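Notebook open, coffee poured. I wanted the overall picture before poking at single residues, so that is the order of these entries.

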Amino acid sequence: MIGGTTYASGAANSANSCQICKPPTSTSTFSNADDGTSCGGGKYCNSGSCKTGCFIAGAFYADGAANPANACQTCQPSFAATSWTTAANGASCGTGQVCSGGTCQTGCWIDGALIGSGATNSTNVCQICKPASSTTTWSSNSAGTSCGSGQICDSGSCQAGCYVGGTVYAGGMLNPANSCQSCLPLVSTSDWSQAQSDCATIAAHNGFTCATVSGASKCWGSNGFDAGGRGTSYSGLLGINQTFAQTPYSLVPVATNGLAAGVQAVSTGSDSLHACALVSGAVKCWGYGAFGQIGDGFMSDRNAPVAVTGLTSGVRGVATGDDHSCALLNGQIQCWGDNEFGELGVNPAVTSGSPTPVAPALNGNIQAIAVGGQHTCALVSGSVFCWGANGQGRLGNNSTMDSYSSVQPMGLGSNVQAIAAGETHTCAIASGALLCWGSNVSGQLGDGTGVDRWVPTPVQGLSSGVQAVSAGDSHTCALVNGAALCWGWNAFGQVGDNTTMTNRLSPVPVQGLGSGVQAITAGYEHTCALTSAGAKCWGANGTAELGNNSMTDSPIPVSVQGL
């Protein structure tokens, strides 16, 4: 008897179908219907209330609840109210796990398929399944993972670069701790490579040579002479604090005055009659200085190294040309010396040049510099910019018009690894291939002809694997897989193939240097290299520039005494 009404045993409460008359339990109130009793619309009784859910094995589970024994089974009343329903493939079933075929698996569910943990995306090797990061999308593969052809993974995509010491560096970037090393991906993606042009450890000039030896600078050859038709005598090329009259030549390497320690590099300059060195982040220069190329504020020769004004720290590279010099610091360039053709990269109003550094109008992160006879080039985020004299098309912009503002050589793109500037020609390594442009009168462009090229032109046979390039006066040399090759003007045997007077229009191997070459430098009439067996030079030796204690030319490499 409930509320004045008599209900038969088992009768349901009209207001709550999950309550019934159970006389054994109570004769004066409704009792709860058995859990799991259907109350319509896919709902079941639970503790006297009608709820959406499932009643499985004597227990009630709310809609969406997971099977305690299998996270890939859930209560789905619309499919089954008295048994578990298999969860959809790809549903999460715990940290780093997904459902597949009704069971929990460690992996990722991507594009309708189960991907095992650590599996690589077949269309992008820089993406892998990392369940701990995501079970529904690809995750970025570890930075520095190789993806072939001089490329590494960075932020989930293949990039040309190097992964050194836990950091990704773009192709062409200098080692922050050593300005004589750079990222050359086609040489190594996991270690630094020897930088070129703006940071040589051996430098062939006009009639003399310099090198770094255990942090000290040593030079040999002429100490000054009347050359180049300039009608004056130069002194101090060796930097030994003596004039040409006191010491005309040195047949073997001698110590540069005041540079016994901390020397990181000596500069290159095929026709240069002055030299510069990078010393503990500062720049010091010596030799011929009539155009202000020494950089100390004067226009006069220096018999010993002097500090370049304002460049006392933070410099990462230095390069010398005929009558001007440039330095790289903090991603920017400073240049000094002659500016007759705009080679300093500043307004032609300073045609008389500048005996102290000035900044060319070039923006961006400058990675390397190369200084030619009367032109200059820079590598900026993998792209090349040049300015100055443009005779024979040495700026590469399909013109012969000089430019004091930077122009871009045509067709090089933005994957250039290294640059080199000769007297009247220029070269660049782009994606491992070597291209040159400018004067080709002696075959120095290596394209098999003697025709000048106003735009970058491939060097014959060097379409891949080029590690370094050095452009001399009228000849060029490159390193390919540790071997030295040269081409161009060969009057004195500077090509190194045991011939003289026969110019080479395409690359030929240097005799005896088929492996183990670490750096190469092409000068005016001679060439030098650093090898695993020491320093070697070849070509003209009329001013003792080969350093082998003689003044006899050699068409094949000879050892520099003491190096």
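**Entry 1: whole chain.** I started with the secondary structure, which comes to 0 helices and 51 strands. Note to self: this is a predicted model. Next I checked how spread out the thing is. The radius of gyration is 38 Å, well over the 24 Å that the globule rule gives for 563 residues, so the protein is more spread out than a compact globule. I then looked up the box along the principal axes, and the C-alpha atoms fill roughly 135 × 45 × 45 Å.

Burial came next. I found that 55% of the 563 residues are buried. The protein exposes about 21000 Å², and carbon and sulfur atoms supply 49% of that. For contacts between residues at least 6 apart in sequence, I noted that 45% join residues at least 24 apart.

**Entry 2: sheet with β24 to β27.** In which order do the strands of this open sheet run? I get β24-β25-β26-β27, 4 strands with antiparallel pairing. β24 (202–204) and β27 stand at the edges with a single partner strand each, so one side of each has no neighbour in the sheet. The twist from one strand to the next averages 10°. As a reminder on what holds such things together, strands of a sheet pair through backbone hydrogen bonds, either parallel or antiparallel.

I zoomed in on one pair here. β24 and β25 (residues 208–213) are joined antiparallel over 3 bridges. Within that pairing, I see A203 standing opposite C210 of β25.

**Entry 3: S235.** Staying in this part of the chain, I looked at the loop between β26 (216–222) and β27 (249–255), where S235 sits. Is S235 buried or exposed? The cut-off for buried is under 20% relative accessible area, and S235 has 15%, so I log S235 as buried. Its side chain reaches the backbone nitrogen of F244 at 3.3 Å. F244 also turns up in the contact list: not counting residues up to four places away in sequence, S235 touches N223, G224, T243, F244, G287, Y288, D301, R302 and N303.

**Entry 4: sheet with β32 to β35.** I found another open sheet of 4 strands, in the order β32-β33-β34-β35, again with antiparallel pairing. Its edges are β32 (315–320) and β35 (354–358); each has a single partner strand, so one side of each is left without a neighbour in the sheet. Ignoring direction, neighbouring strands are turned by 15° against each other on average. β32 and β33 (residues 324–329) run antiparallel and are joined by 5 bridges. I picked out one bridge by residue: T320 has S325 in β33 as its partner.

**Entry 5: the loop between β38 and β39.** N390 was my next stop, in the loop between β38 (383–388) and β39 (403–407). Its relative accessible area is 0%, so N390 is buried. What does the side chain of N390 have for polar company? I found the backbone nitrogen of R394 at 3.2 Å from a polar atom of that side chain, and the backbone oxygen of S399 at 2.9 Å from one. Leaving aside neighbours within four places in sequence, N390 is in contact with L395, G396, N397, S399, T400, M401 and D402.

N398 is in this loop between β38 and β39 too. I flagged N398 for its backbone: phi is near 60°, a positive value in a residue other than glycine. For context, most residues other than glycine have a negative phi. With 46% relative accessibility, N398 counts as partly exposed.

**Entry 6: A544.** Another positive phi turned up at A544, near 70°, and this residue is not glycine either. I placed A544 in the loop between β50 (534–539) and β51 (554–559). Buried or exposed, I asked of A544? The relative accessible area is 0%, so A544 is buried.

**Entry 7: S117.** Last lookup of the day was S117, in the loop between β13 (113–116) and β14 (120–121). S117 is partly exposed, at 48% relative accessibility. I checked the C-alpha distance from S117 to G96 and got 8.9 Å, with the two positions 21 residues apart in sequence numbering. Leaving aside neighbours within four places in sequence, the contacts of S117 are T106, G107, C129 and P131.

How values were computed. Residues are numbered from 1 along each chain as its sequence is written. This is a predicted model: local features need pLDDT of at least 70, side-chain atom pairs count only at pLDDT 80 or more; totals for chains, interfaces and linings use all residues. Side-chain values use heavy atoms; hydrogens and water are left out. Helices (H or I, at least four residues) and strands (E, at least two) are DSSP runs, numbered from the N terminus. Buried means under 20% relative accessible area, exposed over 50%, partly exposed in between (1.4 Å probe, protein chains only). A polar contact is a pair of N or O atoms within 3.5 Å; within protein, one must be able to donate a hydrogen and the other to accept it, and residues adjacent in sequence count only if both atoms are side-chain atoms. Contact means heavy atoms within 4.5 Å. Two strands pair if DSSP finds at least two bridges between them. Axes are lines fitted to C-alpha atoms, for helices over the stretch in contact, and angles run from 0 to 180 degrees between N-to-C directions. The radius of gyration is taken over C-alpha atoms; the globule rule is 2.2 Å times the number of residues to the power 0.38. Accessible areas come from the Shrake-Rupley method with a 1.4 Å probe; for residues, only the protein chains shown count as cover.
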